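I am opening a notebook page on this structure and will write down what I look up, one topic at a time.

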Amino acid sequence: MYANTPYAYFNKSIVQPMAEAHQAVAFQFTITPEGIDLQLSYQALHQIYLSGVRSWKKRVSRLRNRVIKGVYPASPSSWLFVVIAILATMYMRSDPSMGLITKIQQHLPLSLSAEEQTMLSVLVFSTLLWLSLILALRFCLKLLLSYHQWMFEQHGRVSNTTKVWVTLLRLLSSRKPLLYSYQTSLPILPVPAIKETLSRYLESVRPLLTDPGYKRMTELANQFESNLGNRLQRYLKLKALWATNYVSDWWEEYIYLRSRGPIMVNSNYYGMDFLYVTPTALQAARAGNTITALLLYRRKVNREELKPSRVPGTVIPLCAAQCERMFNTTRTPGVETDVLQHWQDSEFVAVYHKGRFFRLWVYTAGRLLSPREIEHQIQRILDDPSPPQPGEEKLGALTAGDRVPWSQMRKQYFSSGINKRSLDSIERAAFFVTLDDEEQGMRGEDPAGNLDRYAKSILHGKCYDRWFDKSFSIVIYKNGKSGLNAEHSWADAPTVAHLWEFTLATDAFQLGYSEDGHCKGEVDRSLPLPQRLVWDIPSEVQAQVCSSLAVAQALADDVDCHVFPFRDFGKGRIKKLKISPDAFIQICLQLAYYRDREGFCLTYEASMTRLFREGRTETVRSCSNESCAFVRALEDGEEAEQCRHLFRLASERHQNLYRMAMTGAGIDRHLFCLYVVSKYLGVDSPFLKEVLSDPWRLSTSQTPVQQMELFDLKNYPDFISLGGGFGPVADDGYGVSYIIVGEDMINFHVSSKYSCSETDSHRFGAQISKAFQDVMTLLSADTKTSSSSKGTAQPQPKKLL
């Protein structure tokens, strides 16, 4: 129709994508000598109408939620109660406003009758009183959430202050909150006193330094405190008064977004499928349920129907700000710094299969496609025989390599035309899906080796079949196994772990599959085909793709991953000894590292600061004087009783370090921010420079299990999560992630680099297992010691990393 008219390009680039989305073009026109021939498609107009209705429903829902959370912990209906109460007192000829209602009447228009003036003034006063009460309740809630002493009290020895605090907090939290209801009531992260931070720092490095080295570091710290430190601290306190969180924005920018190296392996992390089972062996069916579960989670986030995360076993809420950028988000490269871009909504996902990119619409007529319909669409992609376009197959390698070349290519070749439209389809997608043509999982004659290869596949794949810039990407393998790869700058592991738990549980237990392995539901056969993305990749981009792929491939080939489930015992047996499971694991990791490397190292354990508004993470320096003393005593063959005593001291010390990190009294984020201030001021600090240059040769993190109620391990014991992991932080170090599953299993993910002759992930994994067995044997040998420790056992708040 448009072949020889100026509108040919318009039809191809604008109308057709809409046609594929809505099955028909809304209107078509032809220019003839007689005039313009206009044709309307009522089916397409109906689709557009339904999409508009869905959009307006979302806007109304957002407005409603804004009102509800804006008045929390009160309710919108409480306004009516206040109005009725004021009117009742006025009817009884009593003035609760102490003359304010009369003064309000004096400023109302004289054209109103006396009764109208009275009624309007009562409404104005009641509204002002209601708002004042809300502000007062919010202030009280904020004060209550600022109290953290409960965390440091012993079991069975709760103070009266804490008992009163718990009662008041329960009263103010009695109404069912929305996801973000607590946000404005959360306290602000405090800036620790610089003297206390320096003292804690020196204590943390004492076991790692020789006497002369410790003396030199003490002198550097004292010089810093007396000279530059207090000046930097004043600027930092000024920022804390102005900003919502004095750490988070700088942490996101300088630790993540300004990094110019590859984010694959170095920053991104992964989550794995069930260990023992695969709900279906059909790739398209697994993709259908997984995509549906993720979109159902997004709906809950958008409607704020998710319950706010809390400290386990308490009513204390955690910050939910990281959920805001979970979907429809991508990291776009820049020359000096990357930028996180987020869109309010997206009705499609981006799909990669055998070198081709597709845009898959997941909504039609304003409704979400059923799992069976999404499976049908995915199967269409799997059955599509078309080859990749020139330069398309390995295009994703640009996101896996260095950031500056990707930024330059994006600006020069992807900022206009069909390349921009196709790139927008990926970046604006709800998330990215890879239909992998490999089979993965713990299977075959070498289940342990296959488990390691499974982890490496999710972490980096082929270095070009993932889009590492997306907030997260889903990988569906040929045999139905699944996995997740997440970009790190927008959120930390607990937020993604919560999403992945919901997805796995919804997929297996809520949506389910038919007997033949297909998704449940009906299929609308008239659904449009998934849209192939069109590219025009010039030779310069293809050359850069090859360069980026070489960088990424070298990095991926160097990663040594080892995943193993420890089944000898779990947290159940550890807790019977009145020991924190996390403290037990961390001390065992110190023992394993000492045996592996014949020494100690600076150890990073991720803790969370989400008790505060926009809080992210803090470092627990797990290598303490107490843990080192225990390890040395055990390895030197000292008496068992002495070793047990030292272990309990190390356990209590570790728990205290963790509590301090959670409550804003950590070390590393404070020193990091002081360093950033010094760079803004253009001054150098030898102390800060040395502190921030120390490598973390043992970097650890626990993957939290936050929604155990979603998994029925009693009736379905094989549906055990493998957790997830990350690449090594230091070239000569280890990355260790672990997840405590149920009462009897702990899954470990160990990573290191082949290029370092001193590290070996499998060797270190064996050392971890041996350390677990040796420490448990030591502690179990004297049950009398275990039972006598009941009075000194510390509270053990579960960990959310």
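**Entry 1: Salt bridges**

I began with Glu304, which I found to be buried, with a relative accessible area of 6%. I note here that the model is a predicted one, and I keep that in mind for every entry on this page.

I then asked which residue meets the side chain of Glu304 in a salt bridge. The partner is Lys69, and the N to O distance is 2.9 Å. Lys69 lies in helix α2 (residues 42–71) while Glu304 sits in the loop between α10 (283–303) and β4 (329–332), so this pair ties together parts that are 235 residues apart in sequence. I also looked up how covered Lys69 is, and at 22% relative accessibility Lys69 counts as partly exposed, because the range called buried ends under 20%.

As a reminder to myself, side chains of opposite charge can pair when their charged atoms come close. A search of the whole structure finds 43 salt bridges, and I picked out a few further examples to write down.

One of them joins Arg258 to Glu253, with the closest N and O atoms 2.9 Å apart. I checked the exposure of both partners: Arg258 is partly exposed at 32% relative accessibility, and Glu253 is partly exposed at 22%.

Another joins the side chains of Lys753 and Asp731, at 2.7 Å from N to O. Lys753 belongs to strand β20 (residues 745–753) and Asp731 to the loop between β18 (724–726) and β19 (734–741), so the pair connects parts that are 22 residues apart in sequence. When I looked up Lys753 itself, I found that this residue is buried, with a relative accessible area of 9%.

I also found a set of charged residues that goes beyond a pair, since Arg260, Arg331, Asp338, Arg403, Asp469 and Glu487 are linked in a network of salt bridges.

**Entry 2: Strand β15**

Next I asked whether the residues of strand β15 (residues 603–608) are buried or exposed. The strand is mostly covered, and 6 of its 6 residues are buried. I went through the two faces separately: Thr603, Glu605 and Ser607 lie on one side, Tyr604, Ala606 and Met608 lie on the other, and all of them are buried.

I then looked for the strands that pair with β15, recalling that strands of a sheet pair through backbone hydrogen bonds, either parallel or antiparallel. Strand β17 (residues 698–702) runs parallel to β15 and is joined to it by 3 bridges, and within this pairing Glu605 has Thr700 of β17 as its bridge partner. Strand β16 (residues 617–621) runs antiparallel to β15 and is joined to it by 5 bridges, with Tyr604 standing opposite Arg621 of β16.

**Entry 3: An open sheet and its helices**

I followed one sheet from end to end and wrote down its order, which is β13-β7-β6-β10-β11-β12-β3-β18: these 8 strands form an open sheet with mixed pairing. Its edge strands are β13 (531–532) and β18, each of which pairs on one side only.

Inside this sheet I looked more carefully at strand β11 (residues 472–476) and strand β12 (residues 482–486), which pair in the antiparallel sense over 5 bridges. Phe472 has Ala486 of β12 as its bridge partner.

Helix α13 (residues 417–427) packs on the sheet, where it touches β6 (348–353), β7 (356–361) and β10 (432–435), and its direction makes about 105° with that of β6. Helix α14 (residues 447–460) lies across β3 (269–272) and β12, and runs at about 130° to β3.

**Entry 4: Two helix pairs**

I closed the page with helices that pack on each other, keeping in mind that two packed helices are described by the angle between their axes and the distance between the axes.

Helix α5 (residues 114–145) and helix α6 (residues 160–172) pack at an angle of about 140°, with their axes 10 Å apart, which means that α5 is oblique to α6. The contact is made by Leu137, Cys140, Leu141, Leu144 and Leu145 of α5 together with Trp165, Leu168, Leu169 and Leu172 of α6.

For helix α19 (residues 625–635) and helix α20 (residues 640–662), the axes come within 8 Å and cross at roughly 160°, so α19 is roughly antiparallel to α20. I looked up the residues that meet there, among them Phe630 and Leu634 in α19 and Leu646 and Phe647 in α20.

Definitions and conventions:
Residues numbered from 1 in each chain as written. Predicted model: local features only at pLDDT ≥ 70, side-chain atom pairs only at ≥ 80, totals over all residues. Heavy atoms only, no water. Buried < 20%, exposed > 50% of the residue type's maximum accessible area, 1.4 Å probe, protein only. Helix = DSSP H or I, 4+ residues; strand = E, 2+ residues; numbered from the N terminus. Pairing = 2+ DSSP bridges. Salt bridge = Lys/Arg side-chain N within 4 Å of Asp/Glu carboxyl O. Axes fitted to C-alpha atoms, helices over the stretch in contact; angles between N-to-C directions. Parallel < 35°, antiparallel > 145°, perpendicular 65-115°, else oblique. Contact = heavy atoms within 4.5 Å.
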